[in-house]
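Grab a pencil and work through these exercises one at a time. Try each task yourself before you read its solution.

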Amino acid sequence: MKKITLAPGTVKKVLQVLRPYKITALLSILLSAVYVALSLYVPVLIGRAIDLILGPGNVDLKAIVQLLVTVGIVVASGAVTQWLINTINNRIVYHVIRDVRNEAFAHLQVLPLSYLDAHPAGDIVSRMIADVDQFADGLLLGFTQLFTGVVTILGTLVFMLSIRASIAAIVVLLTPLSFVVARFIATRTHDMFVLQSKTRGEQTAFIDEMLGNQKVVRAFGHEKENQERFDEINGRLQKASLQAIFFSSLTNPCTRFVNNVVYAAVALAGGLICLATAGAAVPFTVGALSALLSYANQYTKPFNEISGVITELQNALVCAGRVFELLAVPARVPDKEDAVVLQNVEGCVEAHDVSFSYTPGQKLIEHMNLSAEHGQHIAIVGPTGCGKTTLINLLMRFYDVNAGAVTVDGHDIRLCTRKSLRGSYGMVLQDTWLRRGTIRENITMGKPDATEQQIIEAAKAAHAHSFIQRLPNGYDTVIGEDGGLLSQGQKQLLCIARVMLCLPPMLILDEATSSIDTRTEIKIQNAFTSMMQGRTTFIVAHRLSTIREADLILVMKDGRIVEQGNHEQLLNANGFYATLYNSQFAS
Amino acid sequence: MKKLLTYLKPYRRESVLGPLFKLLEASFELIVPLVVAAIIDTGIRGGAGTGYVIRMALILVLLGFVGLVCSVTAQFFAAKAAVGFTTRLRSALFSHIQTLSYQTIDSVGTSTLITRITSDLNQVQSGLNLTLRLLLRSPFVVFGAMIMAFTVDAQSALWFVAAIPVLSVVGCGVMLISIPLYRRVQSHLDALLGRSRENMTGVRVLRAFGKEEEEVKGFAEQNDRLTAMQKKVGRFSALMNPVTYVIINLAIIALIHTGALRVEAGIITQGAVVALYNYMSQILVELIKMANLIISITKAVACANRISAVLELPSEPAPADQPSSSASKDCRVSFVNASLRYEGAGAESVEGITLDARPGETIGVIGGTGSGKTTLVNLIPRFYEATGGSVLVNGKDVRSWDTSSLRQKIGLVPQKAVLFSGTVKDNLLWGNSEAAEADIALALETAQASEIVEKKGGLSAMVEAGGRNLSGGQRQRLTIARALVRKPEILILDDSSSALDFATDAALRRALRSLPWHPTVFIVSQRTSSIMHADRIIVLEDGKAAGIGTHAQLLESCAVYREIYNSQFRKEDARA
């Protein structure tokens with residue numbers, strides 16, 4: 001069997017998410033017991049009826065009809081119970097996974113960005129969707145099959161023992177053979193499965209690379225070579241899959257063979273006992289034999305199912321563990337209860353002796369001081385990776401400082417509500433993000449109650465109105481995941497319109513025009529200028545033209561602010577900024 | 001769906017033998033109740049004695065063993081057919097995706113294509129494997145049991161005839177109703193997935209706008225919709241087993257009653273009644289198995305349909321003779337009133353472009369964001385087909401060219417500098433797998449990339465997938481070298497010197513001019529400095545040519561060009 005390591009506490013956590021449904025779960029267990037008892041009772045009744053059919057002239061029809069009526073009642077009750085169990089189980093499982101997903105999603109909203117930045121979105125999403133789904137499958141199977149399986153085995157055992165203990169013993173002793181067989185096959189096929197998933201992984205990586213860059217492949221006419229390479233891997237995968245699938249599929253026939261042997265043994269022992277007790281006071285009847293045979297079948301069946309269910313359950317627990325792992329990630333520090341709600345922000349932003357680093361021990365920002373007054377424009381420049389984005393992370397409190405403090409209008413931002421702090425900033429990032437929905441929904445994200453007039457004005461100011469109008473449904477055009485068919489530049493214009501509409505007292509523009517051509521940029525610049533009027537603005541830009549007019553330029557290098565001042569001052573200082581400026585200009 | 005079956009053809013033998021052996025196995029199972037009946041009637045009641053009972057028990061074991069052999073054989077053939085089918089289908093799918101037109105790839109999206117060729121196909125494989133093993137088996141056992149019942153006693157067997165149609169109706173009904181419901185559950189799940197992904201990728205913006213609570217609320221609503229749908233399907237499919245159970249047991253009650261009357265009349269024996277009862281029980285077991293199978297098959301069918309949909313996407317149009325145009329033969333590339341409107345777009349992306357480019361000439365393409373620059377050059381290798389007018393290469397309409405020989409003539413350096421996992425040399429040989437060392441060296445030198453290769457440790461240095469271990473500028477120069485290795489007649493640089501500094505950019509342009517085979521070069525750029533020395537510059541605005549001419553001419557006559565130029569140069573002049 002595949003060795004699966006479970007995170008400690010997973011089972012406990014599973015029980016915890018089940019807790020709100022404990023009454024329904026108990027009901028389900030109770031009903032399962034009832035159902036098993038009812039369904040096991042049927043063969044007994046039928047066996048009795050058969051014993052009344054001995055031969056011509058020796059048939060007690062009246063008693064038989066009575067027995068059959070009882071069978072009908074038992075069966076009907078059994079069916080109703082079964083339907084109730086199914087419905088209850090579905091309900092529990094679907095509600096549990098709904099709760100888990102809601103909890104996970106709500107938790108995501110309070111996870112620190114440090115976690116989200118360090119983990120690929122695909123992985124987190126697959127935990128929330130695919131893993132929870134697997135968990136649901138396992139849970140449902142566990143509820144429906146594992147429990148009824150165990151109860152059936154116990155119940156059957158009791159009925160068999162009550163009919164004939166010696167035959168029951170045969171069944172009990174022989175059945176575990178099927179476990180042994182299943183385990184033997186599972187260990188032998190483990191390596192084959194490993195090879196299969198390795199080859200599959202190799203193929204997926206190849207597919208990902210080549211389909212992801214299909215246009216380059218096409219431009220270089222590399223299709224044939226790709227196909228050859230693909231077919232080569234595909235051939236190896238075929239071999240590996242065939243082996244893994246075939247050898248693992250032997251489990252079922254082999255365990256079934258064991259069952260057949262058990263069945264034959266019961267028939268043999270039963271038959272012999274029948275013959276031996278033919279004249280005795282308490283004969284072993286044919287009806288009893290037929291009931292025992294039917295039980296032998298029922299007894300071995302859950303064993304086969306349970307070995308499958310257990311693998312499935314293990315898998316489900318591993319998947320659940322991955323979700324719980326996500327839930328166990330500590331949330332960010334919550335807002336203080338008496339946190340300040342920033343209102344009518346003036347826009348005085350200061351950093352006092354701030355130190356920060358992403359990884360402890362790896363120094364990044366050290367003892368940074370900074371003071372921006374109301375309405376000032378602060379440009380942040382420096383080579384790639386110098387910490388410009390980090391500064392924004394600290395201003396918006398996406399990350400908390402390690403030491404020192406950032407203040408807005410004299411309030412330490414850690415003492416303000418995050419919502420009011422972030423609501424005081426309008427942010428346009430280089431990474432243009434739009435959500436699935438209409439253009440209108442995207443523009444009004446910060447101000448859902450905006451009027452049509454305001455929306456159009458904002459779009460016009462961002463020079464987005466004209467292209468929006470050319471879209472099939474104008475402002476109601478639905479754009480797909482991450483902006484869909486819009487170009488990078490168009491997406492950026494929409495992000496700008498989004499901020500233009502709500503206009504908070506402070507602005508952060510991180511390469512806000514990086515994807516827009518210079519000509520459009522100049523046109524937008526006017527709108528930017530009027531938007532920035534009277535608003536404290538932080539601007540990250542490569543283009544020096546944008547920077548020249550700033551009131552304050554922060555020159556960053558390796559996480560530190562190495563120089564501060566305006567353009568003239570910095571040029572005259574002839575330091576790092578001057579070098580940077582000259583190299584960019586000279587190029 | 002039906003089309004997919006053609007990929008099963010080479011495994012026709014296996015796909016027949018697999019179910020056949022499964023049926024054999026089932027037949028042996030069907031004999032079991034007869035043997036048990038014999039034990040009762042002949043062994044116990046008939047007084048044939050201990051020896052007979054032992055013999056019969058041994059026959060039961062033998063039947064089990066033969067069943068095992070048949071079943072293993074069946075599993076083998078089924079696995080072989082399923083895996084073989086999937087392998088072929090996967091290959092065909094990959095091959096087909098490689099022929100899809102750019103427009104199709106754009107609208108379908110790469111990530112869906114990848115899911116379909118990987119996880120969807122895996123679902124189909126296990127679905128087919130199960131189908132081959134079990135789908136025939138269950139109905140066979142059901143009907144087999146009925147036939148065997150007839151051999152035991154025709155009149156009692158009529159109850160089987162009554163029960164089976166009712167069971168089929170219930171089974172098919174549940175299936176027909178639940179398949180579309182399952183599909184809807186799947187699409188609700190997809191929506192939930194999309195929502196989570198979006199929340200992750202947009203986390204900064206969402207938090208900046210303080211949208212967390214709204215997001216949680218929206219997610220919960222969507223989640224509730226999924227749960228409601230799941231419960232709806234659940235309630236429905238929960239009916240299947242209880243209803244089957246009731247029907248079978250009603251039939252058993254009727255059977256025992258009829259049996260009792262027949263035994264009383266001396267027509268059949270007690271053992272026969274037991275056998276009939278056993279057959280009915282076998283049907284119940286099979287139907288429960290079948291119900292589980294149906295769910296897997298339903299999923300597999302849904303996936304198969306998604307795969308079919310990809311296979312049905314149109315390939316790039318085949319070359320078709322176009323009336324030759326009046327354009328002079330000595331033009332390497334001519335655009336004749338060429339236009340392109342993307343499918344579903346509101347307006348032309350490129351409109352009425354007429355332009356000639358001769359061997360050795362350099363053409364600059366400049367314009368704002370979304371003005372159609374890339375679209376224009378993509379018309380040359382026929383990545384997109386002009387929806388109006390035509391594009392000619394060497395005087396021949398690109399639609400008449402054999403696609404691969406057309407593209408062989410073209411070296412393209414895309415906007416996004418992509419390299420593939422392998423050595424540097426592997427990557428360069430993409431351009432021309434038979435390139436000589438000297439060709440590679442020249443290409444590297446021209447692309448200003450020789451020093452990169454040296455620094456990385458020669459041509460055999462490894463490049464990671466996507467070229468992650470190289471900087472943007474390094475990747476860009478290597479992609480230029482890759483295009484040059486094939487000595488293209490037409491070289492297209494699609495905004496591909498953006499990561500190069502001005503000095504390198506200038507050196508690159510000089511080196512391109514001195515190439516011995518005099519390619520026609522198209523340089524697409526937002527930077528005036530990259531194209532101002534071109535023989536001719538086309539200025540695009542909203543897909544239309546706002547001006548064509550040299551730098552000096554355009555400065556004079558084209559307002560748009562002047563604006564672009566001023567936005568980049570004038571201010572810097574002033575600053576200096």
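**Exercise 1. Find what L292(A) touches, leaving out residues up to four places away in sequence.**

Step 1: Use the contact rule, C-beta atoms (placed from the backbone) within 7 Å. Step 2: Skip the sequence neighbours up to four places away, and you get M160(A), I163(A), R164(A), I167(A), V266(A) and G270(A).

Before you go on, know that this is a predicted model, where local features need pLDDT of at least 70, side-chain atom pairs count only at pLDDT 80 or more, and totals for chains, interfaces and linings use all residues. Residues are numbered from 1 along each chain as its sequence is written, while chains are lettered from A and ligands numbered from 1 in the order in which they are written.

**Exercise 2. Place L292(A) in the largest nonpolar core.**

Step 1: Such a core is a set of buried Ala, Val, Leu, Ile, Met, Phe, Trp, Tyr and Cys residues joined through C-beta atoms within 7 Å. Buried takes 20 or more other C-beta atoms within 10 Å of a residue's own, exposed takes 12 or fewer, and partly exposed is in between. Step 2: The largest core has 242 residues, and L292(A) and I256(B) touch the most other members. Step 3: Its largest share, 19 residues, comes from α2(B). Step 4: There's also a second, separate core of 79 residues, which includes V406(A), L429(A), A459(A) and L554(A).

**Exercise 3. Describe the contact between chain A and chain B.**

Step 1: Chain B gives 120 residues and chain A gives 121. Step 2: On the chain B side, helix α2 (residues 50-97) supplies the largest share, 24 residues. Helices are DSSP runs (H or I, at least four residues), numbered from the N terminus. Step 3: Sort that side of chain B by class: 59 nonpolar, 44 polar and 17 charged. Here Ala, Val, Leu, Ile, Met, Phe, Trp, Tyr, Cys and Pro are nonpolar, Asp, Glu, Lys and Arg are charged, and the others, Gly among them, are polar.

**Exercise 4. Work out how α5(B) and α10(B) are oriented to each other.**

Step 1: Helix α5 (residues 137-152) and helix α10 (residues 270-311) of chain B pack at about 170°, with axes 9 Å apart. Axes are lines fitted to C-alpha atoms over the stretch in contact, with angles from 0 to 180 degrees between N-to-C directions. Step 2: Under 35 degrees is roughly parallel, over 145 roughly antiparallel, 65 to 115 roughly perpendicular, and the rest oblique. Therefore α5(B) and α10(B) are roughly antiparallel. Step 3: Their contact has twelve nonpolar, two polar and two charged residues.

**Exercise 5. Do the same for α15(A) and α17(A).**

Step 1: The axes of helix α15 (residues 452-461) and helix α17 (residues 488-502) of chain A come within 8 Å and cross at roughly 130°. Step 2: That makes α15(A) oblique to α17(A). Step 3: From α15(A), the contact uses Q454(A), I455(A), A458(A), A459(A) and A461(A), and from α17(A), A497(A), M500(A) and L501(A). Step 4: By class, that's seven nonpolar, one polar and no charged residues.

**Exercise 6. Decide whether Q123(B) is buried, partly exposed or exposed.**

Step 1: Locate Q123(B) in helix α4 (residues 110-135) of chain B. Step 2: Q123(B) has 18 C-beta neighbours inside 10 Å, so it counts as partly exposed. Step 3: Beyond four places in sequence, Q123(B) is in contact with K299(B), A300(B) and C303(B). Step 4: Q123(B) and C303(B) are 180 residues apart in sequence, yet 6.8 Å apart in space, C-alpha to C-alpha.

Methods. Contact = placed C-beta atoms within 7 Å. Helix = DSSP H or I, 4+ residues; strand = E, 2+ residues; numbered from the N terminus.
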